[in-house]
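Here are my notes on the model you passed along, point by point. Have it open while you read.

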Amino acid sequence: MTNLLFIGDIFASPGRTMVARYLPEIVEAENIHLTIANGENAAGGFGITPQLADEIFGYGVQVITTGNHAWDKREVYDYFKRQQRILRPANYPAELPGSGLVTVRAKNGVDVAVINLQGRAHMIPIDCPFHKADDLLASIPATVKVRFVDFHAELTSEKVAMGWHLDGRVSAMVGTHTHVPTADTRILPGGTGYQTDAGMTGPYSGVIGVDKDIILQRFLTQMPVKMQAAHNSPELHGVIVEIDEANGKTTAIRRVERIG
Ligand code: FE2
């Protein structure tokens, strides 16, 4: 069996601290062979820098996925070109730096393909993630049976639909972006592990990571505000997927969380 750990959106320094504090223990206790994490909010909640990506890799994360905040920090553009283990959603224009697919070798010697896609409902209108998923899956060698998808999307219905689209063709799909963990963890009939959203690894004292007074002021006044990360009530949220590498099917999937 191959055990993957996926860590939901690492938000600002509270999120990074939680990864540093708990990742080694989880990897040990759960016999994790490969850790993937969404890092698009690592830099104060908005984007990721090469330094912060290296920091997260240093904690033991092997692949970093991103999303709509991939482009917030310009200094990461060149890094996308030279570091293959940081992904940006594959369905952005091809001329943008980076890739939405990488194959890495897990600790147990099994090759794992990791795909990063982004939704379009209530988000910017990039290429169709469903067709892009088809193209990417066709490009992966048949010998690479363990395949993981981070679908970074706003709408639960778009994510559920993607789960059905991918069922039986990937080992697992876990959603990100809403920063709210969902309790619909399951194995779809074709053997694909699924959860609509992994939830945030970061401060839960705010509004999906941002200082709550700032966000309340915006809702109350509709005036533009400067976003600032919240600091308190840090939590780590993720999903552990047990996959039979012989056929790429998920045999078990469950949520993992650490508080404070
Ligand atoms: Fe996002």
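1. Some ground rules for the sheet. Two strands pair if DSSP finds at least two bridges between them. Strands (E, at least two residues) and helices (H or I, at least four) are DSSP runs, numbered from the N terminus. The model is a predicted one, so local features need pLDDT of at least 70 and side-chain atom pairs count only at pLDDT 80 or more, while totals for chains, interfaces and linings use all residues. Residues are numbered from 1 along each chain as its sequence is written, and side-chain values use heavy atoms, with hydrogens and water left out.

2. The open sheet. Six strands make it up, in the order S4-S5-S6-S7-S9-S8, with mixed pairing. S4 and S8 (186–187) sit at the edges with a single partner strand each, so one side of each has no neighbour in the sheet. As background, strands of a sheet pair through backbone hydrogen bonds, either parallel or antiparallel.

3. The S4 edge. S4 (residues 101–105) pairs with S5 (residues 111–118) in the antiparallel sense, over five bridges. Leu101 has Ile115 of S5 as its bridge partner. The two strands form a hairpin with five residues between them, and Gly109 there takes a positive phi near 90°. Which residues of S4 are on its covered face? They are Val102 and Val104, whereas Leu101, Thr103 and Arg105 make up the uncovered one. That fits the general picture: in a regular strand the side chains alternate between the two faces of the sheet.

4. From S5 to S6. S5 runs parallel to S6 (residues 146–152), and seven bridges join them. One pair to look up is Gln118 with His152, its bridge partner in S6. Hang on to His152, as it turns up again in the next point: its NE2 is a donor to the iron ion.

5. The iron site. Glu40 (OE), Asn68 (OD1), His152 (NE2) and His177 (ND1) coordinate the iron ion at 2.0 to 2.3 Å. Donors here are N, O and S atoms within 2.8 Å of the metal (3.2 Å for Na, K and Ca); water is not among the atoms, so sites may look incomplete. Why is the arrangement irregular? The four donor atoms subtend angles of 84 to 162° around the iron ion, which makes it so. For the cut-offs, four donors are tetrahedral if all angles lie between 85 and 135 degrees; four are square planar and six octahedral if opposite donors are over 155 degrees apart and all others between 65 and 115; anything else is irregular.

6. Where the donors come from. Their spacing in sequence is E-x27-N-x83-H-x24-H. Glu40 and Asn68 link distant parts of the chain, 28 residues apart: Glu40 is in the loop between S2 (34–38) and H2 (50–58), Asn68 in the loop between S3 (63–65) and H3 (76–82). Glu40 is buried at 1% relative accessible area, whereas Asn68 is partly exposed at 24%. Buried means under 20% relative accessible area, exposed over 50%, and partly exposed in between (1.4 Å probe, protein chains only).

7. The largest pocket. Its volume is about 310 Å³. Of its 18 lining residues, Phe46, His69, Ile208, Val210 and Met227 are closest to the centre. A pocket, on a 1 Å grid over the protein atoms alone, is an open set of points where a 1.4 Å probe fits, with protein on both sides within 12 Å along at least five of seven lines; lining residues have an atom within 4 Å of a point. Grid points are joined across faces, edges and corners, and the volume is the space filled by probe spheres set on them. By class, the lining has eight nonpolar, seven polar and three charged residues. Here Ala, Val, Leu, Ile, Met, Phe, Trp, Tyr, Cys and Pro count as nonpolar, Asp, Glu, Lys and Arg as charged, and the others, Gly among them, as polar.

8. The S11 and S12 hairpin. S11 (234–244) runs antiparallel to S12 (residues 249–259), joined by 10 bridges. Asp244 stands opposite Lys249 in S12. The hairpin has four residues between its strands, and Gly248 in the turn has a positive phi of about 80°. Ile240 lies in S11 and is buried, at 3% relative accessible area.

9. Backbone spots to check. Ala12 has a positive phi near 55° without being glycine; it lies in H1 (residues 12–30) and is buried at 3%. Ser233 also has a positive phi, near 55°, but is in the loop between H6 (212–221) and S11 and is partly exposed at 42%.
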